[in-house]
Amino acid sequence: MSTAEALVQNEKKAPQRIKTRFTELVGIDYPIVQGGMMWVGRAELAAAVSNAGGLGILTALTQPSPDALRKEIERCRTMTDKPFAVNLTILPSMNPPPYAEYRKAIIDSGIKIVETAGHNPQEHVADFKEHGIIVVHKCTAVRHALSSERMGVDAISIDGFECAGHPGEDDIPGLVLIPAAADKVKIPMIASGGFGDGRGLVAALALGADGINMGTRFCATVEAPIHPKAKQLIVDNDERGTNLIFRSLRNTARVGKNSVSDKVVELLRKPDAKFEDVAHLVKGAQGRVLLETGDIDAGLIWAGQVQGLIRDIPTVAELMHRIVTEAHEIIQKRLPGFVG
Ligand SMILES: Cc1cc2nc3c(=O)[nH]c(=O)nc-3n(C[C@H](O)[C@H](O)[C@H](O)COP(=O)(O)O)c2cc1C
């Protein structure tokens, strides 16, 4: 084998494991989780992340019914024999989905790891725990992390202000939130929001987390089941390319900047603005149209500030390899150089 061939071979070799309390808890090689994502968290993406040594997550409510979720779990099993999880997001809604039935589908399917997110997960956590399922609860505040720890969850995923989705109302960025949580939370904890490369992974470990959770970065991968134009929007946007909406309604959400989210911000700025004024713009179904057709002005797209670090659309395996290799280099070469 020539030196060049050997180099290529070496490039492709799976990097050494990065072992943390979280990787040991869920049985994965690298402490990298793909967070639950509405319309994106399907078998193609979850299986690719798990096959690459991370933890892929199917998003329960992306499936139109509990039975469809059972089928999606089976489909994911045909694509990977590695551990993967299912996300159950509990949000306030006029017409709540049948949460208990989705939960039953997850339990009946023999899923071993669940990510819960949103409001009052108690009933769900209790049932999952009774069935021996590992529960990772995603939240946005130290106090909520501590209350879910008391509730009996096995790990916390803590989302900083940078994140796509719902960052909560406290506006605490990861640089403070992660160590503040690490000082108090005893169970394994992964850091979420704003992560996209090896530097972020090492930083999260340094701040006291046991790994990272990524959403936006995984949307801009070959396997993410969304339109190429939606992926390109993430690549084209920089770190300023998000809007915070629903602040006045105390249901703050961080979404990608486009004509629709700009309009929502403008309408909600009026002092007497109500949800009804923007309801026609923010429907989940329209966000789905954006993701599936690539019509960038069709609705909202969830995306975080980490867009400023996303410059390409690699395969999940390439991305994972890159993040882990970069993390090894920082830990083994850059950081030791500062000592002595
Ligand atoms: C397109 C998209 C959809 C999302 N949908 C959900 C969801 O349904 N449930 C949930 O708990 N989090 C959801 N999130 C949040 C992610 O799971 C994760 O917490 C967040 O993206 C982390 O921040 P990052 O985007 O900076 O990595 C979504 C994120 C994105 C980008």
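**Entry 1: Q34 and its partner strand**

I looked up Q34 in this predicted model and found that Q34 stands opposite M214 in β8. I then checked the pairing around this position: β1 and strand β8, residues 212–214, run in the parallel sense and are joined over three bridges.

**Entry 2: The sheet**

I next asked in what order the strands of the sheet lie. I read the order as β1-β8-β7-β6-β5-β4-β3-β2, an open sheet of eight strands with parallel pairing. I noted β1 (32–34) and β2 (56–59) as the edge strands, each of which pairs on one side only. For the twist, I recorded that neighbouring strands of this sheet are turned by 30° against each other on average, with direction ignored.

**Entry 3: Helices against the sheet**

I turned to the helices that meet these strands. I found helix α3 (residues 43–51) packed on the sheet, where α3 touches β1, β2 and β3 (84–90). I noted that the direction of α3 makes about 165° with that of β2. I also located helix α4 (residues 66–79), which lies across β2 and β3 and runs at about 155° to β3.

**Entry 4: I323**

I looked up I323 and placed this residue in helix α15, which spans residues 316–334. Is I323 buried or exposed? I323 counts as buried because its relative accessibility is 1%, below the 20% limit for that class.

I then listed the contacts of I323, leaving aside neighbours within four places in sequence: I32, G196, D197, G198, L201 and M214. Among these, I recognised M214 as the β8 residue that stands opposite Q34; I32 is also on the list and belongs to the edge strand β1 (32–34). As a separate check, I compared I323 with A279: the two are 44 residues apart in sequence and 39 Å apart in space, C-alpha to C-alpha.

**Entry 5: Cysteines**

I asked how many disulfides the structure holds. I found zero. Why is C163 not bonded to C139? The closest cysteine sulfur to that of C163 is in C139, and at 11 Å it is too far for a bond, because a disulfide needs the sulfur atoms within 2.5 Å. I noted C163 as buried, with a relative accessible area of 2%.

I closed with C219, which is in no disulfide; its nearest cysteine sulfur, that of C163, is 13 Å away. I recorded C219 as buried too, with a relative accessible area of 6%.

Notes:
Residues are numbered from 1 along each chain as its sequence is written. This is a predicted model: local features need pLDDT of at least 70, side-chain atom pairs count only at pLDDT 80 or more; totals for chains, interfaces and linings use all residues. Side-chain values use heavy atoms; hydrogens and water are left out. Two strands pair if DSSP finds at least two bridges between them. Helices (H or I, at least four residues) and strands (E, at least two) are DSSP runs, numbered from the N terminus. Axes are lines fitted to C-alpha atoms, for helices over the stretch in contact, and angles run from 0 to 180 degrees between N-to-C directions. Contact means heavy atoms within 4.5 Å. Buried means under 20% relative accessible area, exposed over 50%, partly exposed in between (1.4 Å probe, protein chains only).
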